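The questions below ask how particular labels were reached for this structure. Each answer sets a value against the rule behind it.

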Amino acid sequence: MFGFSMIQMVRNNAHKLDKQLREEFTSIYRPFKYTPCFLHRTFERFLSNFKQYSVIISFQQCKNKELQQEYQTVNEVLHRHLRCQIGKQFPSIQSCSATVTAVALEEILSKCAKIKKVYYNREVKALLDVATPTINATNIVRNHTELTGEGITIAVIDTGVHPHPDLQGRIKGFRDFINNEANPYDDNGHGTHCAGDAAGNGSMSGGQYKGPAPNASIVGVKVLNKLGSGSLATVMEGVQWCIENKDALGINILSLSLGSTASSAYRNENDDPMVQIVEAAWDAGLVVCVAAGNEGPDPHTIASPGVSSKVITVGAMDDKNTPSRSDDEIASFSSRGPTIYGVKKPDVVAPGVNIISLRSPGSYIDKLQKNARVGEHYISLSGTSMATPICAGVVALLLQHNPNLTPYKVKKALMKNAIRWGDNDEYVYGAGYIDAERTIT
């Protein structure tokens, strides 16, 4: 087996290929043991030239001119090979996506001196009645002004956003990286629910199902398909787009209720491209809220990009459908820390069980969970996916009160003023239960 070309390529470039990509290349030889030996070379030659792999190519830090030359070299190599093409560039983290064959990738690695790592383009998945009063996010008045998130924009990077009546006039922008549609829509329903968790105004429920920031604006960024699945590359495209358009659209906050299992193949979280791109957004001045994941109650289950030490990672509480906190407890599914890299997570927790929010009629979730519908306009869902935009809504109130806060200061304020909960286990509750009234001082 060691004489096969793809095995040799993997061995020679092991330090530049992530673990999952190495496994993808070597796994194609497993059926060979059932194939006559005289056919091995023919099959291997065919697979090397025609089997496609979706990858993220990361380059070493270099000047823009050098980086553009690297992009050009990759493009020229791929142009010479069948079934290959370069994809989206991610200048914020000096990376690009591409579709390659084994033969094409081997040539790229031999001709591009600045390649740092090539990653497999892994799959990424989507992870209000009493929730808002539970976190003390109603009727907050500062400087004679009630805080509602007005003037603040939250980008919901998810399955899209349905133009629900509770968001009327406040969908400020929309970008679709799945089907390239121009107008806002959500064929899954998850993203619409998340938008409402943060900024629904409850107009179709007499104000009952209202998010923490009912006057905040929403930008829908569709990076997940109808089934709630996407790829590392599409999520990175969405975040990169938000970085590039943050000034034009006035984006202040990113809410990502999605992720994938953190990989032990990386030495630390900063080797993960998903972490790199959300931290680039953070460094660009955007407050990034991400879901901890729904793989609890076991420890070491924080998902990527929630493993990032910079961003705000949110776990889920069960508020028992009561405004009082006295009976609240951690949701059993909420992922626990520390991360597989030893980072203390989550950062805070927020309500995430049976959250009633906006329904996207006819969407995948709407059809799949008909029993979860609440009246004509709402639906009840659970997950750290719901806790994350609720936290983002509180951040919107904080930024309305003080627009000059940096992402670091926002995170510090949330954690410093969170209420310690249960046994104060920081790997379960983080700094504690978010409290908007205490946080906005």
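**Labels and their grounds**

An open sheet of three strands has the order S18-S20-S19, and the pairing is antiparallel. Strands S18 (355-358) and S19 (373-374) stand at the edges with a single partner strand each, so one side of each has no neighbour in the sheet. The model is predicted: local features need pLDDT of at least 70, side-chain atom pairs count only at pLDDT 80 or more, and totals for chains, interfaces and linings use all residues. Residues are numbered from 1 along each chain as its sequence is written, and side-chain values use heavy atoms, leaving out hydrogens and water.

Q: What makes S19 and S20 a pair?
A: Two strands pair if DSSP finds at least two bridges between them. Two bridges join S19 to strand S20 (residues 378-381), running antiparallel, so the requirement is met. Val374 stands opposite Tyr378 in S20. Strands here are DSSP runs (E, at least two residues) and helices are runs of H or I (at least four), numbered from the N terminus.

Q: Why is Ile57 called buried or exposed?
A: Buried means under 20% relative accessible area, exposed over 50%, and partly exposed in between (1.4 Å probe, protein chains only). Ile57 has 0% relative accessibility, so Ile57 counts as buried. Ile57 is found in strand S1 (residues 53-59). Leaving aside neighbours within four places in sequence, the contacts of Ile57 (heavy atoms within 4.5 Å) include Val74, Gln94, Cys96 and Ile115. The C-alpha atoms of Ile57 and Gln94 are separated by 8.7 Å, with the two residues 37 apart along the chain.

Q: Why does Phe50 count as buried, partly exposed or exposed?
A: Phe50 lies in helix H3 (residues 40-50). Its relative accessibility is 32%, so Phe50 counts as partly exposed.

Q: How do you know that strand S15 is mostly covered?
A: In S15 (residues 312-318), seven of its seven residues are buried. Ile312, Val314, Ala316 and Asp318 point one way from S15, while Thr313, Gly315 and Met317 point the other way, and all are buried.

Q: Which strands does S15 pair with?
A: Three bridges join strand S14 (residues 287-291) to S15 in parallel, with Val290 the bridge partner of Thr313. Four bridges join S15 to strand S17 (residues 348-351), also in parallel, and Ala316 has Ala350 as its bridge partner there. Strand S16 (residues 329-330) pairs with S15 in the antiparallel sense over two bridges, Asp318 being matched with Glu329.
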